[in-house]
Amino acid sequence: MPKPKVAFYWCASCGGCEEAIVDLNEDILKVVELVDIVFWPCAMDFKYDDVRKMKDNEITVAFINGAIRTDEQEEMANLLRKKAQIVVAFGSCSHLGGIPGLANFWDRETIFESSYGKGCPSVDNPDGIVPQTVSKVPEGELTLPAFHNTVKSLDQVIDVDYYIPGCAPPPYLTMKAIVAILSGELPEKGAILAPEKTLCDECSLNDSKPEKISIKEIKRISEVISDPEKCFLAEGVICMGPVTRSGCSEEGDGKCISANMPCRGCFGPPPEVKDVGGKMISALASIVGLEGEENMSEEDVEKLINQIVDPAGYFYRFSLPTSLLRRKRMSNPAKEDRYNG
Amino acid sequence: MAKKISIDPITRLEGHGKIEIFLDDDGNVKNAYLQVPELKGFEQFCVGRPVEELARITPRICGVCPTAHHMCSTKALDAVYHVKPTETALKLRRLIYNAFMAEDHLLHFFFLGGPDFVVGPDAPPGERNILGVIGKVGIEIGKQVIDMRRRLRSVITHLGGKVIHPVCGLPGGVSKGLAEDQRQAFLKVAKDAVEFSKFCLQVFNDIVLKNNTYLDLIVGDIFKHQTYYMGLVDENNKVDLYDGKIRVVDPNGKEFVKFEAKDYLDHIIEHVEPWSYIKFPYLKNIGWKGFVDGIDSGVYRVAPLARLNASDGMKTPLAQAEYEKMFDTLGGKPSHHTLAFHWARLIEVMYVSEELVQLLEDKSITNPDIRNLPTETPDEGVGVIEAPRGTLFHHYKTDENGMVTGVNLIVATVNNSAAISMSIAKAAKNLIKNGKVNDGLLNMVEMAFRPYDPCLACATHSLPGKMPLIVNIRDNNKDIVQSIRRD
């Protein structure tokens, strides 16, 4: 019997998700025994044709990482959807939009300006050249994929069966998912293949957490020397633990927490949370100034809340494209291209 | 009839990569273009964020070398806040950084670049991969490579939280200290890394240097470019990957300039082309003369060989001996032989391993002074570091509250973007004659860009043991008249 075919593909991502596969270490040898890996992170035209020639559903499972930013990526996602029985969104970018999704605070024009224009101090570009989808060179014509205004998660482009969260996903979850899929023990469609509890629920700093957290002041991590034994929120430092799914470490404890740094939410929300930002605001509202609440004026409360210097950047660090905000309003809606959807 | 050859994909260069080769009517190469079809826009979307968060955001530029971005960002934060890290924090940062350089270089040598030599440039393409390397050196060695990388990466995981996108860097220090039992455990890893480096250099010596065909290829003309070289050096002009001044030598090896990171804009400037999302940096005080080498062209190179060329030696004894041996063998310093990047990379593995031992033998690395809190008003700062793939700059500007108002990044591989294009064009010109293209082109083109270790090539190349490539020769109607493929 032929081995099942597994595909890995990447869209707008950093390569960390590929490294996360390499980090299976010796386990990768087991995977190679079980399946034929069709691994093509940078295969475009050639594999495109190759994949097109495949029968529909010929691939057992396609793991796709990265967000969608160019038409090339969108096309490839659609093709893989057609050829694969199961599509897994792999990693934060594919799952939620990820860090590249922060670009949705801006648009193509401003991004080009800061890379190639006057916004970039190291560029010598008096003619204001920016990359073009088609450009003439003395010898002929060169083409580039179009750069969209808006970054999207994978499920905003194609139907997705499962999600493996994380930036990057931990190898143990990847291995579990592969084993589950190959053995046919499939969870319900749309499932996120990670634990359901919040990071806070699993955090070993919980023991240090007072029964009622009461923050008098919100501090930035650069301003404090945090006690490795103490809950960040209790110290007034923003930690996304209450609204983030656990599972980044097999041991349960948060990986960033283990380095004495607060969680930034790369695993995305647990099942009951619809919008991370909304939930985090209510979580903070319940602990901010709790103790002396009755003595605080509205001004005091506002002052305290204003100490959260970049709420959107903290709360939607990994999920802006899939959040309620989705993107910044385009200054000129007429400029929105068809990909803004 | 003029033709265009597309090699799409080649490999990753902060995104994907694509090579277009144009032939003239006689079927000889007119020109070749390296295109990078992707842009992420970090410079823009970092604006508005609290600056200390950039050390956690910018590593997502590259998941293969996130530690380089994290450390460079952390150094930029020191500069923005005008705060000096504590002694112990500096040691810990160097510890993490050296472990990272070693594992990243090993990934390249065994999984990506090495197969060209270890298995051989003439070996069937299907064998020129990690599995081929294991076939040649034995499965036990293969497992040792995986194990060595795993253990080095565990050092980063322990201190940085995550090996893919570590988080421990803060202005003025790091977030986590090192316990004594861990110091002892990591010292063992470091000592094994030194032994492993010896083994790697021995492999290179036995398989590559003792083979005259390979040696001729290294010192031959196809893979040679006379350019400027850039790298960080300490006060004795020895290679330093974490800190120091940026030194540039000219194609004759003479010091052209030595400057501090904060002055980078006086020396480096970037050229823009409409046909690629990647920019082309060059030396400002020489100027952009196009994709050409020589003393009058501002094109410079970075990464292992460039660092060794730009320095006067290595800080540790075993690495220094290898440094001398390399330049003796290659006929003096600087060496313009692109394939020697592979050799220089291994010498750097030896250097960082030796330095790991030094750092971990010093018990003071477990001291508790890991942070200095910033007291000054943040404004502007530049961080520099030698990433595996070359000199990396992070430049941040903030308001008085430390909120980001401007970011500029010159990423390691980008420094080499013009040189990589030139190397590919030269290999193509040497190989494609009168319209005849053969399988060899694939090997030679791969060998022309691999020494630079353009980012994610490693992952694509390694797992199934394949690096799929296709060369299409197209006529004016873009119809394929000949297709050569390698799956």
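**Exercises on a predicted two-chain model**

In this predicted model, the side chains of Arg49(B) and Asp310(A) form a salt bridge, with an N to O distance of 2.6 Å.

**Exercise 1. Characterise the contact between chain A and chain B, starting from its salt bridges.**

Solution.
Step 1. Apply the cut-off: a side-chain nitrogen of Lys or Arg must lie within 4 Å of a carboxyl oxygen of Asp or Glu. At 2.6 Å, the pair Arg49(B) and Asp310(A) is a salt bridge.
Step 2. Count such pairs between the chains. Chain A and chain B are linked by seven salt bridges, and the count over all chains is 38.
Step 3. Turn to polar contacts: 29 residue pairs between chain A and chain B are in polar contact, both residues being at pLDDT 80 or more.
Step 4. Locate the side of chain A that touches chain B. Elements of chain A that give two or more residues to this side include α1 (16-22), β2 (36-39), α3 (45-53) and α6 (108-116). Strands β6 (134-137) and β7 (140-143) are also among them, as are α9 and α12 (311-315).
Step 5. Sort the residues of this side by class: 51 are nonpolar, 18 polar and 17 charged.
Step 6. State the extent. Contact involves 86 residues of chain A and 94 residues of chain B. The size of an interface is often given as the accessible area lost when the parts come together. Between chain A and chain B, the buried area is about 7,700 Å², and carbon and sulfur atoms give 62% of it.

**Exercise 2. Which residues and elements line the largest pocket?**

Solution.
Step 1. Take the volume, which is about 870 Å³ for the largest pocket.
Step 2. Find the residues closest to the centre. Of the 44 lining residues, these are Pro170(A), Pro171(A), Cys248(A), Lys255(A) and Thr157(B).
Step 3. Assign elements. Two or more lining residues come from each of α7 (171-182) and α9 (255-258) of chain A, and α6 (139-160) of chain B. The largest share, five residues, belongs to α6(B).
Step 4. Classify the lining: 19 residues are nonpolar, 10 polar and 15 charged.

**Exercise 3. How far apart along helix α7 of chain B are Glu180(B) and Arg183(B)?**

Solution.
Step 1. Identify the contact: the side chains of Glu180(B) and Arg183(B) meet in a salt bridge at 2.7 Å, N to O.
Step 2. Place both residues in helix α7 (residues 180-209) of chain B. Because they are three residues apart in this helix, about one helical turn separates them.

**Exercise 4. Locate the cis peptide bonds at Ala168(A) and Pro334(B), and the positive phi of Asn260(A).**

Solution.
Step 1. Cys167(A) and Ala168(A) are joined by a cis peptide bond with omega about -5 degrees. Ala168(A) lies in the loop between β9 (162-164) and α7 of chain A.
Step 2. Lys333(B) and Pro334(B) are likewise joined by a cis peptide bond, with omega about 0 degrees. The loop between α10 (317-330) and α11 (340-361) of chain B holds Pro334(B).
Step 3. Asn260(A), although not a glycine, has a positive phi of about 65 degrees. Asn260(A) is in the loop between α9 and α10 (276-287) of chain A.

Key:
Residues numbered from 1 in each chain as written. Chains lettered and ligands numbered in written order. Predicted model: local features only at pLDDT ≥ 70, side-chain atom pairs only at ≥ 80, totals over all residues. Heavy atoms only, no water. 1 Å grid on protein atoms, 1.4 Å probe; cavity = no way out; pocket = protein on both sides within 12 Å on 5 of 7 lines; lining within 4 Å. Points joined across faces, edges and corners; volume = space filled by probe spheres on them. Helix = DSSP H or I, 4+ residues; strand = E, 2+ residues; numbered from the N terminus. Nonpolar A, V, L, I, M, F, W, Y, C, P; charged D, E, K, R; others polar. Contact = heavy atoms within 4.5 Å. Buried area = accessible area lost by both parts, 1.4 Å probe. Polar contact = N/O pair within 3.5 Å; in protein donor to acceptor, adjacent residues only side chain to side chain.
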